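I opened my notebook to record what I looked up in this structure, starting with its interior and working outwards.

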Amino acid sequence: MPRVDLALKAGTPEKGIEHLYLATLSRRPAPAELELMLDYAKRRPTLKEGYQGVLWILLNSSEFQLNH
């Protein structure tokens, strides 16, 4: 997953999740979304697995399905 690898290079988990939102939904996450996704990603065994989960959530969101 190249997007996940780029998110890992973003520097901070906040910037990594922002990268995934921009790449997937073409927008930055709202503060509540960022907080929710950060909590989700940090509960995974590795940050990479967290980012993979966040990307999966975004790709299966109704916003992605309706806009793409």
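I looked first at the largest nonpolar core, which has 13 residues, and noted that Ile17, Leu20, Tyr21, Met37, Tyr51, Val54 and Leu58 touch the most other members. A nonpolar core here is a set of buried Ala, Val, Leu, Ile, Met, Phe, Trp, Tyr and Cys residues joined through side-chain atoms within 4.5 Å, and buried means under 20% relative accessible area with a 1.4 Å probe, protein chains only. I then asked which helices supply this core, and found that α1 (2-8), α2 (13-25), α3 (31-42) and α4 (47-59) each give at least two residues.

I noted that the model is predicted, that local features need pLDDT of at least 70 and side-chain atom pairs pLDDT 80 or more, while totals for chains, interfaces and linings use all residues. Residues are numbered from 1 along each chain as its sequence is written, and side-chain values use heavy atoms, with hydrogens and water left out.

I followed Ile17 further: leaving aside residues up to four places away in sequence, Ile17 touches Leu34, Met37, Leu38, Ala41 and Tyr51, where contact means heavy atoms within 4.5 Å.

For the whole protein chain, I recorded five helices and zero strands, taken as DSSP runs (helices H or I, at least four residues; strands E, at least two) that are numbered from the N terminus. I also wrote down that 28% of the 68 residues count as buried, and that the C-alpha atoms fill a box of roughly 30 × 25 × 20 Å along the principal axes. Of the contacts between residues at least 6 apart in sequence, 51% join residues at least 24 apart.

Technical notes: Buried < 20%, exposed > 50% of the residue type's maximum accessible area, 1.4 Å probe, protein only.
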